[in-house]
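Have the viewer open and your cursor ready. This is a short tour that you can follow residue by residue.

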Amino acid sequence: MNRHLLCTAALLTLPFAASPALACSVSALSVTCSGVSSGFEDDTDGLSILVESGATVQDNGDTLKGEGNGVTITNDGTVISDSKDAIDWGDIDNGTGTDLSITNNGKLTAAKDGINAADDFHIENFGTIEAGDDGIQAGNGKGSGTIGILNGASGLIDTEDKAITVGDGVWLFNEGTIDSGNEAFEAGNDARVTNKGTITAFEDGVQVGTGARIDNYGAIVSTGNDGDGIDIDDGTIINYAGASITVAGSAGIDYDAGGDSSVENYGLIEGVEGIMVETGLDAAGNPNGEVGNVAVQKILNAGTIRGTGGTALLLGEGNDVLELLDGAIVDGLSDLGDDDDSLIFSSLSYGTDGFDSLFDGGEGTDTVSFTFDISNLATATLDAGILTLAFGDAVGLGDLDLTNFEVFDFAGTAYTINDLVPAVPLPAGAILLGTALAGFGAVRRRR
């Protein structure tokens, strides 16, 4: 395709007085824009485009546009689109615009997308991206490849719609600020997210598919009525000490139907539900049209998991595991759901004075395990289906309320409810345990 350069004066479109326009200079495959210019379009492969510090490139259409492969764009100035995209590069359907590298040290402002790219891209933002639609849209949800986005400590992505929308295999490393009027980061499968900054969204903070890995050292926030902190099909989430996932309207972490998954929490996870999986049921226990998650959820908690609506954990079907370390706080009902679940107290002693909320094993053969032996158990009482275990000061657990657990393991020795509360015959105890949640308000719902 023939080269086409549009880097001419556009003083009448600018809302300020400007010096006489300087055309973008072209030398072989190097393009430099300085001063004030209108849009630039070129489909040549291997271009290196520089918008210099102090320069402004502004257009009513797509401001920097092309379909060339192996292109490098560096913006140290200001790129503005009054009605379209600040940078629009490549066509994923035609396989053009691949191997694109963009570094923004200045400011990208667009009525639509800040950056709209095809596939095989690498984007680094140390400046500001402001967009009426998406800050970065790449792959149009179809792409895959060696692709990554870095939002540096000085980087700001501020959008009215989604901040970042990409396809499969995308890596996001955020040290700065991402603020979105919709989802903040929406990706396909095999996404990798490392957040050391702040991600704020009105809807989902992070929305990804299967095979995801999310490491949160910073803050992930959802402020809207129906958004989750992290909406995921399956994968691994680690929320580190000092980090937080906080949600106003829905779940801190929401697992849709997918494969086995795990969460390690050393910080704060808080939502109407702290962590939940799709059960396929509505609030009344009727099918809601969604596919239920029947995979294994492994939750290791040394921090705080809080359900502001009363449920900290809603894990649904699957042989789920909840392991609690010293320092763990679970604020709200822990409903481990159907199948054979495990509740593990893996420390020899706990600094917290007990767990105030109920642990429910649900249907199946469910086991609660303690690292210490049964000599640390002071009393065991059964009242209206709730088994209360009171522990001595040496282990620091205070009182635990349990229901629908069949096996009680102390330091490798298994006991039944009849062993702990021999005054209650097994059939009567079993009946009481099976109906316990009637008084505790069972939560089996999904928006």
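Here is a walk from the overall picture down to single residues.

## Before you start

What you see is a predicted model, where local features need pLDDT of at least 70 and side-chain atom pairs count only at pLDDT 80 or more, while totals for chains, interfaces and linings use all residues. Residues are numbered from 1 along each chain as its sequence is written, and side-chain values use heavy atoms, with hydrogens and water left out.

## The big picture

The protein has two helices and 45 strands. Both kinds of element are DSSP runs numbered from the N terminus: helices are H or I with at least four residues, strands are E with at least two. Of the 447 residues, 55% are buried. Buried means under 20% relative accessible area, exposed means over 50%, and partly exposed is in between (1.4 Å probe, protein chains only).

About 16,800 Å² of the protein is exposed, and carbon and sulfur atoms supply 49% of that. These areas come from the Shrake-Rupley method with a 1.4 Å probe; for residues, only the protein chains shown count as cover. Now for contacts, meaning heavy atoms within 4.5 Å. Take those between residues at least 6 apart in sequence: 50% of them join residues at least 24 apart.

## Strands side by side

Two strands pair if DSSP finds at least two bridges between them. Look at strand 27 (residues 219-222): it pairs with strand 24 (residues 198-201) in the parallel sense over four bridges. Ile 199 has Ile 220 as its bridge partner there.

Strand 27 also pairs with strand 30 (residues 244-247), again in the parallel sense and over four bridges. Here, Ala 219 stands opposite Ser 244.

## Into the core

A nonpolar core is a set of buried Ala, Val, Leu, Ile, Met, Phe, Trp, Tyr and Cys residues joined through side-chain atoms within 4.5 Å. The largest one has 92 residues, and Phe 185 and Phe 345 touch the most other members. Click on Phe 185: leaving out residues up to four places away in sequence, what it touches includes Ile 164, Leu 172, Val 193 and Val 208.

## Salt bridges

A salt bridge is a side-chain nitrogen of Lys or Arg within 4 Å of a carboxyl oxygen of Asp or Glu. By this rule there are eight. One joins Glu 130 and Lys 107, with the closest N and O atoms 3.7 Å apart. Glu 130 sits in strand 15 (residues 128-131) and Lys 107 in strand 12 (residues 107-110), so the pair links parts of the chain 23 residues apart. Both are partly exposed: Glu 130 at 29% relative accessibility and Lys 107 at 34%.Asp 215 has two partners. It forms a salt bridge with Arg 192 at 3.5 Å between the closest N and O atoms. Asp 215 lies in strand 26 (residues 212-216) and Arg 192 in strand 23 (residues 192-195), so this pair ties together parts 23 residues apart in sequence. Asp 215 also meets Arg 213 in a salt bridge, at 2.9 Å from N to O. Asp 215 is buried at 2% relative accessible area, whereas Arg 192 is partly exposed at 38% and Arg 213 at 31%.

## A charge without a partner

Which side chain of opposite charge is nearest to Asp 85? It is Lys 112, 6.5 Å away, and Asp 85 is buried yet has no salt bridge. In this count Lys and Arg are positive, Asp and Glu are negative, and His and the chain ends are not counted. Asp 85 is found in the loop between strand 9 (78-81) and strand 10 (87-89). Setting aside neighbours within four places in sequence, its contacts include Asp 62, Lys 112 and Asn 116.
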